[in-house]
Amino acid sequence: MTDEVLGELAELLGKVRLRLERDGERFAIGYEKEVHPLSELPLGELDPTDRRAELLAVAAAFEAAVKYPGQVSGGSESFREAAAPLLPKIERARFVTAYNAVVGGRNGGDAERLFARDFGAGLVVCYVQDQGWRFEYIVDGWVRGYETSPDTMHSVARSNLYARAEISYKLSEVAIGDGYDAARAACVDDVFYDRDGGAGIELAIPSRDLLMIGPNLSPEAVAHAFETAAYPISAKRLVFKHHRVSVLAD
């Protein structure tokens with residue numbers, strides 16, 4: 001990795017009051033008086049066309065792992081009660097690697113690792129408990145503590161997000177601005193099922209705050225939305241089918 005890339009990451013971290021610290025070949029994340037060693041700095045094989053999105057995903061994951069780490073064990077309430085504020089978040093796959101680099105740096109076990117589901121096309125679904133006044137990511141230990149399954153977690157999070165806001169089936173863009181517009185890609189078959197001609201539903205997830213629904217999405221429009229996004233996700237046109245996405249063939 002180059003000094004330019006390290007400088008860009010350090011600048012992004014500074015915006016959320018984090019510091020990138022280096023001791024020889026080792027790196028750590030500083031936050032106020034805390035220092036969080038990293039098991040690795042997950043910046044290998046950065047695609048130049050996606051570099052900004054990748055670095056933002058890394059910075060966001062470091063912030064999540066340092067400021068909003070998930071609880072390893074569930075509380076005293078039932079799973080139904082604990083799952084009431086459960087919501088999905090769609091991220092680039094590097095987000096998971098970066099979060100777990102903080103866990104590995106403090107010698108955390110598997111229970112502290114981020115719980116995530118492969119969404120396809122280099123994207124993942126993570127899960128959060130968002131109670132407004134408290135926000136934290138879901139880790140493997142939390143899921144195991146409630147003895148629930150990954151499919152149940154995903155189903156509950158999708159249902160909660162679907163109920164969060166009414167989405168018109170006539171829309172070509174979803175941009176509510178509540179931080180979960182990208183995540184609504186996981187619910188497109190609940191709203192836009194009539195746009196599936198058998199091959200799946202065409203969509204794009206250019207940013208956290210914009211979901212574009214086809215058919216016949218403009219590659220130029222998707223690319224522009226990705227390039228100008230405050231938090232970009234994917235520049236690709238995608239097809240949603242069987243609860244996953246794949247890259248739309250040109």
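Biologist: Which side chain of opposite charge is nearest to the buried Lys89, and how far away is it?

Modeller: This is a predicted model, in which local features need pLDDT of at least 70 and side-chain atom pairs count only at pLDDT 80 or more, while totals for chains, interfaces and linings use all residues. Residues are numbered from 1 along each chain as its sequence is written, and side-chain values use heavy atoms, with hydrogens and water left out. As a general idea, side chains of opposite charge can pair when their charged atoms come close. A salt bridge here is a side-chain nitrogen of Lys or Arg within 4 Å of a carboxyl oxygen of Asp or Glu; Lys and Arg count as positive and Asp and Glu as negative, with His and the chain ends not counted. For Lys89 the nearest such partner is Glu91, 5.4 Å away, and Lys89 has no salt bridge although it is buried (buried means under 20% relative accessible area, exposed over 50%, and partly exposed in between, with a 1.4 Å probe and protein chains only).

Biologist: What does the side chain of Lys89 reach, and which residues does Lys89 touch?

Modeller: A polar contact is a pair of N or O atoms within 3.5 Å; within protein, one must be able to donate a hydrogen and the other to accept it, and residues adjacent in sequence count only if both atoms are side-chain atoms. The side chain of Lys89 reaches the backbone oxygen of Gly179 at 3.0 Å. Contact in the wider sense means heavy atoms within 4.5 Å, and, leaving aside residues up to four places away in sequence, Lys89 touches a set that includes Val124, Cys126, Tyr137, Tyr180 and Arg208. Lys89 itself has its place in strand E4 (residues 86–92), where helices (H or I, at least four residues) and strands (E, at least two) are DSSP runs numbered from the N terminus.

Biologist: Cys126 is among those contacts; how many disulfides does the structure hold?

Modeller: A disulfide is a pair of cysteine sulfur atoms within 2.5 Å, and the structure holds zero of them. For Cys126 the nearest cysteine sulfur is that of Cys187, 15 Å away. Cys126 counts as buried at 0% relative accessibility, and Cys187 is also buried, with a relative accessible area of 4%.

Biologist: How many salt bridges does a search of the whole structure find, and which parts of the chain does the pair Glu8 and Arg51 link?

Modeller: The search finds 17 salt bridges. In one of them the closest N and O atoms of Glu8 and Arg51 are 2.4 Å apart, and this pair links helix H1 (residues 3–14) to helix H2 (residues 51–67) across 43 residues. Glu8 is partly exposed at 24%, as is Arg51 at 23%. Glu54 and Arg94 form another, with closest N and O atoms 2.9 Å apart, and both residues are buried. Asp50, Glu54, Arg92 and Arg94 are linked in a network of salt bridges.

Biologist: Why are strands E8 and E12 each left without a neighbour on one side?

Modeller: Two strands pair if DSSP finds at least two bridges between them. Five strands form an open, antiparallel sheet in the order E8-E10-E9-E11-E12. Strands E8 (173–174) and E12 (244–247) stand at the edges with a single partner strand each, so one side of each lacks a neighbour in the sheet. Within the sheet, four bridges join E9 (residues 201–207) to E11 (residues 237–241), and Glu202 stands opposite Val239 in E11.
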